[in-house]
Amino acid sequence: MKPLPTPAPFDPGYDRSSDEPASLATAGIVHDLGNLIQIASAAINIVERSPDMPASHTGPMLQRARACLDHAGTIVRQNVRHLRDRALAGLQCDAAACLADIATLIGAMDETGLILDLDVAPDLPTLRCDPVGLRRALLNLALNARDAMGGNGIVGIEARALAHGEVELRVLDDGAGMSRETLARVFDPFFTTKTDGLGGIGLPMVERFVRDAGGTIAIESEPGIGTTVTLRLQAMEAGR
Ligand SMILES: Nc1ncnc2c1ncn2[C@@H]1O[C@H](COP(=O)(O)OP(=O)(O)O)[C@@H](O)[C@H]1O
Ligand SMILES: [Mg+2]
């Protein structure tokens, strides 16, 4: 059996101002994937239509089908990673500056019952993420915390560096909390339990931002006790 060629990472090699070469590069990848799927499917069809074929023949056929699909999987994984790295290239975010901006914004809302308790560790490393995205994410989380407390209470925001070049950001409230059913749906676009909210796009947007940045989001919530949302994001110096 001929060995399959090593897949090349996606390199559009084009000027970002024009879409045409990008579509060409994408078409190339789709074409390669199409070929691999076709070879795999042909091999499976032969095996399916030949119930009397000896195992000495069907084995290698199925192996070839599997090799093609593994190869297709490698192409997809490599390119998703490459595209993400390209999108993040050059993006830097000063988390402390971001948190200071959020504090200013919340202060400017002039909501007398709302207190922001910021606990930011000194010397936070620079993050590899979109700074506008992080501001939007933190503001959404802080406003959700405010809503959960009916506008009265303390919204906590904590930031600290972890090992392995990660930074953890936590937004805490001791508001209404969420039922299990609500918690299971919070990342569904347009899911909301509010009648006057922004229509359930906040948390899906935050989740998208975190995913694009290669980070993670976790939510702990207890009805009547409160909610903690934890974001983990990569620092610039984290090995990738
Ligand atoms: N801190 C929180 N405490 C309690 N419930 C929350 C909290 N954050 C989000 N939720 C729940 O998740 C739902 C979706 O949140 P989100 O996507 O921000 O949309 P919206 O705030 O417009 O409803 C909210 O309607 C609410 O039920
Ligand atoms: Mg919201």
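The following passage describes the surroundings of ligand 1 and the salt bridges in a predicted model. Local features require pLDDT of at least 70 and side-chain atom pairs pLDDT 80 or more, whereas totals for chains, interfaces and linings use all residues. Residues are numbered from 1 along each chain as its sequence is written, and side-chain values use heavy atoms, without hydrogens or water.

Around ligand 1 there are 19 residues, of which Asn-144, Thr-192, Thr-193, Lys-194 and Leu-203 come nearest; a residue is near if one of its heavy atoms lies within 4 Å of the molecule. This shell comprises eight nonpolar, nine polar and two charged residues, with Asp, Glu, Lys and Arg counted as charged and Gly among the polar residues.

Oxygen atoms of ligand 1 take part in polar contacts (pairs of N or O atoms within 3.5 Å). A backbone N or O atom of Leu-203 lies 2.8 Å from such an oxygen, a polar side-chain atom of Asn-144 lies at 2.9 Å, and a backbone N or O atom of Gly-202 lies at 3.4 Å. Of the 530 Å² that ligand 1 exposes when taken alone, the protein buries 93% (Shrake-Rupley method, 1.4 Å probe). Helix H4 (131–148) and helix H6 (202–212) each give two or more residues to the shell.

The whole structure contains 10 salt bridges, defined by a side-chain nitrogen of Lys or Arg within 4 Å of a carboxyl oxygen of Asp or Glu. In one salt bridge, the closest N and O atoms of Asp-101 and Arg-135 are 2.7 Å apart. Because Asp-101 belongs to helix H3 (residues 95–108) and Arg-135 to helix H4, this pair ties together parts 34 residues apart in sequence.

Key: Chains are lettered from A and ligands numbered from 1 in the order in which they are written. A polar contact is a pair of N or O atoms within 3.5 Å; within protein, one must be able to donate a hydrogen and the other to accept it, and residues adjacent in sequence count only if both atoms are side-chain atoms. Helices (H or I, at least four residues) and strands (E, at least two) are DSSP runs, numbered from the N terminus.
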